[in-house]
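Here's a quick walk through how the helices and the sheet sit together in this one. Have the viewer open as you read.

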Amino acid sequence: MHSNSVATTDLPDESRLHDRVASGDFLDCYSVPSNMSPRRAAQIITDFPGWARLLLLLRQLLTLPFGLSNDGPDAKDKVGIFPVESEDNHELIAGFNDRHLNFRVSVVSQDGRIYLATWVHPHNIGGQLYLKAILPFHILIARNALARVNLQDAASR
């Protein structure tokens, strides 16, 4: 996998995700070279490999007693388990609000790169602890997801 092509970067200024960010929120962003559409990249990003699905299953088991959402709310349009909130030719934003935090992912296609950003707004100490606990896994999954986007983009040329 071409994980060395994944760069830590700032979210492009044009992203609508910036409107959500407030003090105390989490925001990260990674990018890879790609000319893919945001929708196609989001489909690849949310098609988790087996090891990531196993981590999500473990998360589901550990959070079950706390009543956290595992499948996301019902929606007409989803990428993976994430309801699509907005989409245009340059950006797709998906995610939902849960008891412990609100989160959105943004997939931006700009200047020959795909950007993947995650925004999290914890509601309480539970949300803050949850974010700290999953952060190393989030980084691993996000970087792997973009490496897979880069790999599929290269294979389609």
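## Helices on a sheet

The crossing of α1 and α3 is right-handed. Keep in mind that this is a predicted model. The axes of α1 (residues 38-45) and α3 (residues 125-156) come within 9 Å and cross at roughly 125°, which makes α1 oblique to α3.

Who touches whom there? On the α1 side you'll find Arg40, Ala41, Ile44 and Ile45, and they meet Ala145, Leu146, Arg148, Val149 and Gln152 of α3. Sorted by character, the residues of this contact come out as six nonpolar, one polar and two charged.

Now the sheet. It's an open one with seven strands, ordered β1-β2-β7-β6-β5-β4-β3, and the pairing is antiparallel. At the edges stand β1 (7-8) and β3 (78-79); each has a single partner strand, so one side of each has no neighbour in the sheet. Further in, β4 (residues 82-87) and β5 (residues 91-97) run antiparallel and are joined by three bridges. To find your way along that pair, look for Val84, which stands opposite Ala94 in β5.

Both helices also meet the sheet, and here's how each one lies:

| Helix | Strands touched | Direction |
|---|---|---|
| α1 | β3, β4, β5, β6 (101-110) and β7 (113-122) | about 130° with β6 |
| α3 | β1, β2 (26-33), β6 and β7 | about 15° to β2 |

So which strands does α3 lie across? Those are β1, β2, β6 and β7, while α1 packs on the sheet with β3, β4 and β5 among the strands touched.

Note on methods:
Residues are numbered from 1 along each chain as its sequence is written. This is a predicted model: local features need pLDDT of at least 70, side-chain atom pairs count only at pLDDT 80 or more; totals for chains, interfaces and linings use all residues. Side-chain values use heavy atoms; hydrogens and water are left out. Axes are lines fitted to C-alpha atoms, for helices over the stretch in contact, and angles run from 0 to 180 degrees between N-to-C directions. Helices (H or I, at least four residues) and strands (E, at least two) are DSSP runs, numbered from the N terminus. Angles under 35 degrees count as roughly parallel, over 145 as roughly antiparallel, 65 to 115 as roughly perpendicular and the rest as oblique. A crossing is left-handed if the near helix is turned anticlockwise from the far one by less than a right angle, and right-handed if clockwise. Contact means heavy atoms within 4.5 Å. Ala, Val, Leu, Ile, Met, Phe, Trp, Tyr, Cys and Pro count as nonpolar, Asp, Glu, Lys and Arg as charged, and the others, Gly among them, as polar. Two strands pair if DSSP finds at least two bridges between them.
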